[in-house]
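Hi everyone, thanks for coming along. I'd like to walk you through one model this morning, so here it is on the screen.

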Amino acid sequence: MIKVTINRNEHNEITAFEMSGHADFAKRGQDIVCAGASAVSFGTVNAIIALCKITPEIEQGGDGGYLRCTIPTNIDSSVFEKIQLLLEGMIVSLQTIERDYGKYIKIHIK
């Protein structure tokens with residue numbers, strides 16, 4: 001199962017997210033749950049880098065199955081707001097996957 005943890009601060013802003021595990025929906029290369037979750041999360045990180053010109057702190061597992069992204073705190077507030085919008089969009093997309101494939105992916109918000 002893929003476990004997604006979204007970290008929010010006291011202002012309900014997303015400060016980090018972490019994804020771990022494997023969906024095991026289908027064999028490697030055919031797992032649409034894994035492919036969807038990976039595309040959404042990596043696409044969001046790539047969008048933050050490309051559109052906001054900010055490189056978050058990124059940690060990945062060697063064999064896949066792990067991604068942690070932490071948003072820097074010392075950035076311009078207008079850029080931070082754009083990053084928040086991208087991350088909120090990521091959550092909506094992941095929740096859509098969870099709605100249809102909840103046996104294989106769970107999202108927790110802290």
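I'll start with the sheet, move on to the helices, and finish with the cysteines and a loop residue.

One reminder before we go in: this is a predicted model.

So, how are the strands of the sheet ordered? There are five of them in an open sheet, running 3-4-2-1-5, and the pairing is mixed. At the edges you'll find strand 3, residues 57-60, and strand 5, residues 105-109. Each of those has a single partner strand, so one side of each is left without a neighbour in the sheet. From one strand to the next, the twist averages 10°.

Let's zoom in on one edge. Strand 3 pairs with strand 4, residues 66-70, in the antiparallel sense, over four bridges. If you'd like a pair to look for, Glu57 has Thr70 in strand 4 as its bridge partner.

Now the helices. Helix 1, residues 32-52, packs on the sheet and touches strand 1, strand 2, strand 3, strand 4 and strand 5. Its direction makes about 150° with that of strand 2. Helix 2, residues 77-101, packs on the sheet too, touching strand 1, strand 2 and strand 5. For helix 2, the angle with the direction of strand 5 is about 140°.

Here's a little sanity check on helix 2. With 25 residues at 1.5 Å a residue, helix 2 should span 36 Å, and its end C-alpha atoms are 35 Å apart, which agrees.

Which residues of helix 2 are buried? Among them are Val79, Phe80, Ile83, Leu87, Met90, Ile91, Leu94 and Ile97, and Gln84 is on the list as well. The cover over these buried residues includes strand 1, strand 2, strand 5 and helix 1. As a general reminder, an α-helix has 3.6 residues a turn, so residues three or four places apart point the same way.

On to the cysteines. How many disulfides does the structure hold? Zero. Take Cys52: the closest cysteine sulfur to its own is in Cys69, 11 Å away, and that is too far for a bond. A disulfide here would need the sulfur atoms within 2.5 Å. Cys52 is buried, with a relative accessible area of 8%, and Cys69 counts as buried at 0%.

Last stop: Thr73, in the loop between strand 4 and helix 2. Is Thr73 buried or exposed? At 74% relative accessibility, Thr73 counts as exposed. Thr73 and Thr15 are 58 residues apart in sequence, yet 8.1 Å apart in space, C-alpha to C-alpha.

That's the tour, thanks for listening!

Conventions: Residues are numbered from 1 along each chain as its sequence is written. This is a predicted model: local features need pLDDT of at least 70, side-chain atom pairs count only at pLDDT 80 or more; totals for chains, interfaces and linings use all residues. Side-chain values use heavy atoms; hydrogens and water are left out. Two strands pair if DSSP finds at least two bridges between them. Helices (H or I, at least four residues) and strands (E, at least two) are DSSP runs, numbered from the N terminus. Axes are lines fitted to C-alpha atoms, for helices over the stretch in contact, and angles run from 0 to 180 degrees between N-to-C directions. Contact means heavy atoms within 4.5 Å. Buried means under 20% relative accessible area, exposed over 50%, partly exposed in between (1.4 Å probe, protein chains only). The expected span of a helix is 1.5 Å times one less than its number of residues.
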